[in-house]
Amino acid sequence: MHTATVRDRLRDVTDPDLEDDIVSLGLVNAIDIDESTSTIRISLALGAPYSPAESKIATQVREVLADMEYDLDLAATIPSVESEDEVLPGVTNVIAVASGKGGVGKSTVAVNLATGLSDLGARVGLFDADIYGPNVPRMVDAGEAPETEDEQTIIPPEKYGMKLMSMAFLVGEDDPVIWRGPMVHQILTQLVEDVRWGDLDYLVLDLPPGTGDTQLTILQTLPLTGAVVVTTPQDVAVDDARKGLRMFGEHDTNVLGIVENMASFTCPDCESIHDIFGEGGGQVFAANNDLPFLGSLPLDPQVRTGSDDGDPAVLGSGTTADAFEAMTTNVADMIGVTRRRDVMNR
């Protein structure tokens, strides 16, 4: 068996998003044939663990090689670009969840995205970067405080399989955080660099609303894979989301897509649907800016009670849970597209 034979077979595997075969796209890192064990080892440039789209690519690879009398060992890794000052070296993907204004459910989206990815089997961290209004610990019912090691390293608590970090762990429950920009920069840097995140497939950042010091610090210091922008259908929310989108554009940060939260309310008595905050604003916003629409999330009282009780909606059942799950897999798929496109363009 020759590697050229295997490579020719792999030309029959098409990336549905990049619209070419994986060999031509440069997504085959290496092919190794071990005759002593009759094993073909293939390394693919796939960077979004548990992404349904990337799982399908791996399935296609197995199918085109199925008739060969060899065992198949697949590995997925994105070749790294060397950096002298690498931040978060064990983290494969960093996702920022942002909004132009408060009150659109950004933290709800961040918590359910992280929980959904963890529920799929991914190694996940959730960083509550909203310094002035941290509420992620309540939303996942995490009462355990971080531990420290060597007086410098912070060991994050875990919940729902996720590693957690939040300013809420470090201040009193009712204590306000009144800091100027330099202090915000310092504490954010410390919470990122001094936390033992370990090896993660995804680190989800819940950013504060707006375009202030916290966002600037994150954009300047962390290797963001991409950002998710959250809005409601309401015109006012979309207007502010546009500012957030412009902020990411000015810092050359890839925007994975738009999530429309509080899209509709279904009456539990008559089952009629009410568009309380308008209809389709987020979807139109995504289309007008040539961005993926990652999902429409309903206005459901169970989401509110779940957030208050530390029970993320994505772990439930029914249409609302399905909507959050679809949003989660869409984000993972877009992470995959982003990473594979980077490899293709190198």
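The following exercises, each with a worked solution, concern a predicted model of a protein.

**Exercise 1. Overall composition**

Task: State how many helices and strands the protein has, and what share of its residues is buried.

Solution: The secondary structure comprises 10 helices and 17 strands. Of the 346 residues in the protein, 50% are buried. Contacts may then be considered by their separation along the chain. Among contacts between residues at least 6 apart in sequence, 74% join residues at least 24 apart.

**Exercise 2. The open sheet**

Task: Give the order of strands in the open sheet of 8 strands and identify its edge strands.

Solution: The order is β10-β11-β7-β12-β6-β13-β14-β17, and the pairing is mixed. The edge strands are β10 (158–159) and β17, since each of them pairs on one side only. One pairing within this order can be examined in detail. Strand β7 (residues 124–128) and strand β11 (residues 162–166) run parallel and are joined by 5 bridges. In this pairing, Asp128 has Ser166 of β11 as its bridge partner.

**Exercise 3. Strand β14 and its neighbours**

Task: Determine which strands pair with β14 and how the chain passes from β13 to β14.

Solution: Begin with strand β13 (residues 226–231), which pairs with β14 in the parallel sense over 5 bridges. Here Val230 is bridged to Val259 in β14. The chain leaves β13, passes through helix α7 (residues 235–250) and enters β14, forming a right-handed β-α-β crossover. Turn next to strand β17 (residues 293–296), which runs parallel to β14 and is joined to it by 3 bridges. In that pairing, the partner of Ile258 is Phe293 in β17. Finally, consider exposure: 6 of the 6 residues of β14 are buried.

**Exercise 4. The surroundings of Glu260**

Task: Establish whether Glu260 is buried or exposed, and describe what its side chain reaches.

Solution: Glu260 is located in strand β14 (residues 255–260). Its relative accessible area is 3%, and the cut-off for a buried residue is under 20%, so Glu260 is buried. Leaving aside residues up to four places away in sequence, Glu260 touches a set of residues that includes Thr231, Pro233, Gly282, Phe293 and Leu297. With Gly282 there is a specific approach: the side chain of Glu260 reaches the backbone nitrogen of Gly282 at 2.7 Å.

**Exercise 5. The two sides of helix α2**

Task: Explain why the buried residues of α2 can be said to lie on the same side of the helix.

Solution: Helix α2 (residues 52–64) has 13 residues and spans 19 Å from its first C-alpha to its last, close to the expected 18 Å. Its buried residues are Ala53, Glu54, Ile57, Ala58, Val61 and Val64. These residues cover an arc of only 145° around the axis, and therefore they lie on the same side of α2. The face turned away from that buried side carries the exposed residues Lys56 and Glu63. The buried residues pack against α1 (3–10), β1 (14–15), β4 (39–44), β5 (71–76) and α10 (319–345).

**Exercise 6. Two residues with positive phi**

Task: Locate Tyr50 and Asp290, and classify the exposure of each.

Solution: Tyr50 is in the loop between β4 and α2. Its phi is near 70°, a positive value in a residue other than glycine. With 42% relative accessibility, Tyr50 is partly exposed. Asp290 occupies the loop between α8 (281–288) and β17. Asp290 also has a positive phi, of about 55°, although it is not a glycine. The relative accessible area of Asp290 is 71%, and the cut-off for an exposed residue is over 50%, so Asp290 is exposed.

Notes:
Residues are numbered from 1 along each chain as its sequence is written. This is a predicted model: local features need pLDDT of at least 70, side-chain atom pairs count only at pLDDT 80 or more; totals for chains, interfaces and linings use all residues. Side-chain values use heavy atoms; hydrogens and water are left out. Helices (H or I, at least four residues) and strands (E, at least two) are DSSP runs, numbered from the N terminus. Buried means under 20% relative accessible area, exposed over 50%, partly exposed in between (1.4 Å probe, protein chains only). Contact means heavy atoms within 4.5 Å. A polar contact is a pair of N or O atoms within 3.5 Å; within protein, one must be able to donate a hydrogen and the other to accept it, and residues adjacent in sequence count only if both atoms are side-chain atoms. Two strands pair if DSSP finds at least two bridges between them. A crossover is right-handed if, with the strands pointing away from the viewer, the path from the first strand over the helix to the second runs clockwise. The expected span of a helix is 1.5 Å times one less than its number of residues. The arc is that of the directions from the helix axis to the C-beta atoms.
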